[in-house]
Amino acid sequence: VVSGSWDGRIGVWDLQSGTIVHYRKQISNETVSDDSVDALCYSADNALLCVSGRTILEMNGDLSRIQKVADVPFDGVRCMDFSQASERIAIGLADGTIAFLDSTSYSVVHRSQAHAGFVNCVVFSSDGQRLASGGDDGKANVWDVASARNVAGPFEHDKGVTAVAFLLDGKSLVVGSRWSTELWDVESSTPFANTLRLPKKCLAL
């Protein structure tokens, strides 16, 4: 698991022991960032992508190498995810939009209005054909990656949505918010009736 902080540091954690393996602000004598690390995700070949300010950086898994790969043509990055299947990077922004980038050229392919308020989380389905997003407006939505068209949702919660995750079949979506966590059927945009609704704040999935 990787984490980023407001002071520009990157952390790599061992899941089995729960301990931090690397926690660095400088890699190969280069500063990761003078700004906060706003978003992180793994890309192909276990490379690590992060956005800080208006810069996309790429690092290897043990944080021994870092390089700038692209500039971000917008402010307010809140979250990101990478899909090797669709060769896309999705970036959620503070203005409520989602930008879809080509993972090779880092050019913007689509940008769509997704939420009224911050986009807090984005995640691709395993086949890369769909993207789920959650926002401060208390809604989660599912998007067709090729067209950036909304194809399911909104999955509505009482509070801001903080985390989303597809099950492996892509037909079910777990949505966590500042109030609860629920499992939804993507095709019907309804919660599963026999699923326990967890009345706890969800921070991540």
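This is a walk through one protein chain, from its overall make-up to a few single residues.

The structure is a predicted model, so local features are described where pLDDT is at least 70, side-chain atom pairs count only at pLDDT 80 or more, and totals for chains, interfaces and linings use all residues. Residues are numbered from 1 along each chain as its sequence is written, and side-chain values use heavy atoms, with hydrogens and water left out.

Let's begin with the whole chain. Its secondary structure comes to zero helices and 21 strands; helices (H or I, at least four residues) and strands (E, at least two) are DSSP runs, numbered from the N terminus. Of the 205 residues, 49% are buried, where buried means under 20% relative accessible area, exposed over 50%, and partly exposed in between, with a 1.4 Å probe and protein chains only. The chain exposes about 10100 Å², and carbon and sulfur atoms supply 48% of that area. Accessible areas come from the Shrake-Rupley method with a 1.4 Å probe, and for residues only the protein chains shown count as cover. A contact means heavy atoms within 4.5 Å. Among the contacts with a separation of 6 or more, 35% are between residues 24 or more positions apart.

Now to the sheets. Strands of a sheet pair through backbone hydrogen bonds, either parallel or antiparallel. Here, two strands pair if DSSP finds at least two bridges between them. One open sheet has four strands in the order β10-β11-β12-β13, with antiparallel pairing. Strands β10 and β13 (108-113) stand at the edges with a single partner strand each, so one side of each has no neighbour in the sheet. Neighbouring strands of this sheet are turned by 15 degrees against each other on average, direction ignored. For such angles, axes are lines fitted to C-alpha atoms (for helices over the stretch in contact), and angles run from 0 to 180 degrees between N-to-C directions.

Within this sheet, β11 and β12 are joined by five bridges in the antiparallel sense. A good residue to find here is Gly 92, which lies in β11 and has Ile 98 in β12 as its bridge partner. Is Gly 92 buried or exposed? Gly 92 is buried, with a relative accessible area of 0%. Leaving aside neighbours within four places in sequence, Gly 92 is in contact with Gly 76, Val 77, Arg 78, Cys 79, Thr 97, Val 119 and Val 122. Take Arg 78 from that list: Gly 92 and Arg 78 are 14 residues apart in sequence and 5.5 Å apart in space, C-alpha to C-alpha.

Some of these strands also help to build a core. In soluble globular proteins, nonpolar side chains tend to be buried together. A nonpolar core is a set of buried Ala, Val, Leu, Ile, Met, Phe, Trp, Tyr and Cys residues joined through side-chain atoms within 4.5 Å. The largest one in this chain has 17 residues, and those with the most contacts inside it are Ile 56, Met 80, Ile 89 and Ile 91. At least two residues of this core come from each of β6 (39-42), β7 (48-52), β10 (77-83), β11 (88-93) and β12 (97-102). Apart from it lies another core of 14 residues, including Val 142, Val 161, Trp 184 and Val 186.

A second place to look is the open sheet of four strands in the order β14-β15-β16-β17, again with antiparallel pairing. Its edges are β14 (119-124) and β17, each with a single partner strand, so one side of each is left without a neighbour in the sheet. The twist averages 20 degrees from one strand to the next.

Follow the chain through its hairpins. Five bridges join β15 (residues 130-135) to β16 (residues 139-144), with Ala 132 opposite Val 142 and Ser 133 opposite Asn 141. Three residues lie between these two strands, and Gly 138 in the turn has a positive phi of about 80 degrees. Next, β16 is joined by five bridges to β17 (residues 149-156), where Asn 150 is the bridge partner of Trp 143. Four residues separate this pair, and Ala 148 in the turn has a positive phi of about 60 degrees.

Finally, how many aromatic pairs does a search of the whole structure find? The search finds one. Phe 155 and Trp 184 form an edge-to-face pair, 5.3 Å centre to centre with 70 degrees between the planes. Rings of Phe, Tyr and Trp (its six-membered ring) pair if their centres lie within 6.5 Å; planes under 30 degrees apart count as stacked, over 60 as edge-to-face and the rest as tilted. Phe 155 lies in β17 and Trp 184 in β20 (residues 181-185), so the pair ties together parts that are 29 residues apart in sequence.
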